[in-house]
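Q: Please take one part of this model and look at it closely. What surrounds it, and what lies beyond?

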Amino acid sequence: MLNLWKKKWREQHESPAEPGPSKSSSGSSGPEPDNASCSPTEVVLLYDKVHTVVETDLVGRIRSLDESECIYGLLFDDARHVGANVGPCAADLVWRRALKSIDTDVSPYCEDEADDGPLETLNRTKRNIRDTVKNWSFTIPNLDTNSQGFNVTPKFLRLVQILESFEPYGEEFRGIVLVHRRATAFAIADLVPMLGEQVSFIRVHAIGEVFRKFQSGIYNLLIATKAVEDLDIPNSLVVIRFDLFEGDVSRAYSLSMTTNHLVHLLERSNNVHRHNLLSTTSADPDMVRWQNMLVSSPMSAAPPRPIVVPSHVDCIEEGEALEEPVAGGRIYIQDATAVVYRLASTTSTTSFPAPLFEFSTCVETSSYSCTVLLPGTPAHNVAGPACPSMTHARRAACFAVCIKLAEAGLLEPEAFPIRPQLLPNVNASKRVEGLGMQTYLRKGPDFWKNPTGAVALLYPTIITMHQSNQPLHAPILFLTRYPLPLFSPFRLFFSKDPAVIKTCKGKPFKLSDEKIVSLHMYTMRLCRAVANKAFICSLEDMPFFLAPLASSWVPTRVDWPLGSQAAASWSVPVKYGQADVVAEDVQDAVLMDRATELTRRYDILRVRSDLSPLSCPEDCSRAMKHGSLLKDCEARLKNFTGLKDEAQTIVEISILQAVSRIDPASRPPEVTDPPRYLIPELCGKLTIPASTFRMALLFPSIARRLDSFLLVKELNARFFNHQISENLLDMAITAPSARMEYDYERLELLGDSFLKYLTSIYVFVNEPANKEGALHFARQNIISNRALFRNFQSAGLPPYVQSRPFGFKFWLPPNFRVSDPQGETQGASAASRKRMDNEQRLGDKVSRFQLGSLEFTLFQVVADVSEAILGAAYLSGGRDTALMAAKAMNLPFPNVEKWSDFGYKLLMPPPTVTAKLSPKTINAVEAIVKHKFKYPHLLAQALTHASVSAAERVSYERLEFIGDAILDFLVIRYVFERQPRLAPGGLTILKGAMVSNSALAAFCISCGLHNHLLLVPRLSGAVAEYAEKLEAKRTAEYELARIEQRPPWQYWHDIEAPKALSDVVESVIGAIYISDGATPAGVETFFDAVLKPFFDAHITLKTIAHHPSKTLLELIQAQRCQKFKISKERVKNVTLCHVLVHDVILASGEGQSISLAAKNASWCALDALEGDADFFLRNCDCSKEGADKGKAQGYQEIISGLEE
């Protein structure tokens, strides 16, 4: 290809062309250039893949000095990247170029320093690394592919070949090479001069704005990164995209740098590169026009349609940046223009091709200013500072837009590119000895790790609770240093009754230092009262503030008097005496029965004017024990000297308990002999109103939910490009053991079937010669729990899994510590307790434990989460999004980026090796499946049983392999959508019934597909006999169902079916799928038009078995519930049965006999569970840690209990 390109090029350019003029810097766009005249010729050149990247001796020597890579982690990362893209010799040059900075980093040696101190050990290691690099003999590049010393990559070799082809241009040559990373640019710049005579005409420079020297010829080859692509780079003969840049904007900038040739380097057979290039190659006339406008004028225009901007950038930049607080994405000034183009393409009301930028010129200073034009948005008419060129002014104005939107909390997280981060080893885990499992620390949101220090802006969020059955919960103002994202409403639970928590964001504001101090003291007072712990946190370290709101509920209307009072003292005395005096004083109040800050607190039920301290209420065991309320106080209180008013009114109270409100089945802890009445004279009144304190008691649970949401947003941004629904992703990473209102189990069922589907297609396409057994083995190597765990772990995802329930007693806000009464900090012990609460046992080997009758592998949680994420991704964006998620979790699907890639690589057997079908047979089968086969010989293969397949023919085994996976996925997706409220156990039961051999065999007979199956005579006779028995059973069952006025049951249940009948259904599905080029349209039509009506008519929870009580038991035990029974009672002449779960009646039924009543009750229970997916979540706590693990009852045991 390269030689053909050279020949064509030289034919078109008989003499070297003059270097093109630099781009105009005038403020007027002028007439749009003709597309054909200004667009360069684009060429795609391929290079071979590097299959193994060998670590160089130098890197190995340095690693032996710094095994954890914690000293020079960036250099290790750069060396690996350069080694993979340029070559091993270039990887060593990364260290040589960094030698000066390493030398500066080494402290001067001092003999007086302690030899074993940590600082000296670190400095000695740095010194050894410096000396190693300094004394190393670096190799020169060897471009001979036949030599053992070949030490560059095919990619770099292709770049050198391109540069060699420009030798005829001599001094007139100008070229630009675009790379991702600065380290790559420097490595290429270091290698090119070492090539000697091969490219002697090249004068190379990397990075930096040396455009005048480039134009004049001092340098004729620039190695540039994305950081300069939007600047006034002089026009060149050729632009070589050494690394492909994603996005329409980068492509447009590449086109603007040359009017001659644009070369794209693509790895051979790399679908990632192919998709990246195709995604930005548009035939849309408006997009081509926009690209030409971007080239011809700095005023440019808003893109005519939403454009592609990469969400992940494979480089770490330097300089001023705007950081997104949730996922850590950063917008550098060089990114700002692309961000504004993306914003303009989605939100602007400007019609294309109206100008997007407006420039003004200052003649005295020869500078330019730029204003961004985005009508209808807050970014309209934002101007930047004066700059020496138009492109720099445009950058500055776009960066000002980003800053303004970010400060207002209006810049969406997707606008911030995620860059590679050198984080601590998140896979590091702690092994539990003897159990062969590992514990992982649950990750906290990075939002709270952002810098603190002096308070600048505060971003308000109002938190409100909506629940009619609860006393007043006043809203709380939650103030953060950085803007919180938008949160969906969520639920907390009060003895099974949910309350809805809503958040509302306000505009940021500033406060005086005095008010900041007051907020700090109020926040500490409230948090200490809620947790009943002596929290401490300096003002500089405070991650958030809480504030009481005035009645208007406006974020800036803080109730400062109330806040100041609470900050100054924790309590004030209670007025006592007559009932009206007490009632007025304790309205919306919280009482404390001890003169200390950290004590029990009480809510006021009512003022009892009928009682006094001398009373002895019968419902108060304490008073009954001592004779009166007063004598009880005398007995319990030290140094009690009596009351001033023994006739004062008494207050009836209840304990205010702080408990987790996240668990729907949570119960407040029981208090032994709780107080029922308080004497006002002996009490203090909390300086925080009861309505506010009730809401504050919910704050730990609210904070935990907000942390979950932040963690999900962070996970979505860093791993999944914001492509998965956050609500679904939140479910996917939440295990049932976390005791939330949702968990991953339904999604895991969908994801498990999708993973089987994806993997089956992958191994089918990539192993075209292997038979079913080998395909099954290859699939298991990808989808086994062990493989899923290892891949999930290698991606660094286990810390994101939420598997432990929220422990209220371990609640410790970020940066907070606990001190004892003497003021000594207990930060270490508090952190240790919090660490214990965050540890999650996920395991890495097959260790098993019992839960009733169920057995689990300890790493199954991680495997289930992997599959649940796939289910969430599929529901969010279909097959391609789920494939993206699989690759993000390091599942091994190399060189497959889009589902369409399977079609490109698909191989199928030729017609000569399959059986010959008559046109009549083909038409008959096509009428049955409601699909026209593009390749009828695949239908012949699908109908051919292995017993009749001669040596030269192909049987249906391979097609049945993928058909089984496709059908499994279609069925799960169908029951998932048909039963949106059914618990996972019920979905599993339905799916098992639909894909069972007996059900598919009955379907095969029902639709007539069996008549066209190619079998040996012995099997044909067995099929005919089965069909005859099945028809008799079907007729009898339909008649009985008509008489009993019920749906027909599974009439095939008790007949053994030939396996060939179910196999052929699956193989025909596989044939349709492959005939359509690995696309699902045909099989979905077959499923919807033929299979689904059969399932709807015969398979529901009520019709799965003749014994609904057995089905119900399987469903309940699938939910890990152990406290289930069916009770009976006789009412007049009728038997009444109740289905009880944890002593809660789920459903009831009656009948003339016990068996009929139990059957009717079970039917009603199945019907109830179909419509109430949260029933077990609200009423069952069998899966809680520490719950009794008794033996679960079996079906016969329950039935025999009824008979007794």
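A: S708 is placed in helix 21 (residues 690-720); helices here are DSSP runs of H or I with at least four residues, numbered from the N terminus, and strands are E runs of at least two. The model is predicted, so local features need pLDDT of at least 70 and side-chain atom pairs pLDDT 80 or more, while totals for chains, interfaces and linings use all residues. Residues are numbered from 1 along each chain as its sequence is written, and side-chain values use heavy atoms, without hydrogens or water.

S708 counts as buried because its relative accessibility is 7% (buried is under 20%, exposed over 50%, partly exposed in between, with a 1.4 Å probe and protein chains only). Beyond four places in sequence, S708 touches D730 and M740 (contact: heavy atoms within 4.5 Å).

The largest nonpolar core (buried Ala, Val, Leu, Ile, Met, Phe, Trp, Tyr and Cys joined through side-chain atoms within 4.5 Å) has 150 residues, and F720 and I869 touch the most other members. Helix 27 (residues 860-888) is the main contributor to this core, giving 16 residues. Setting aside neighbours within four places in sequence, F720 contacts I869, along with L715, L729, M884, A885, A888 and M889.

Another core, of 66 residues, lies apart from this one; L458, I516, F535 and I662 are among its members.

Elsewhere, helix 16 (residues 513-531) meets helix 17 (residues 560-568) through K515, S518, L519, M521, Y522 and R525 on one side and W560, G563, S564, A566, A567 and A568 on the other.
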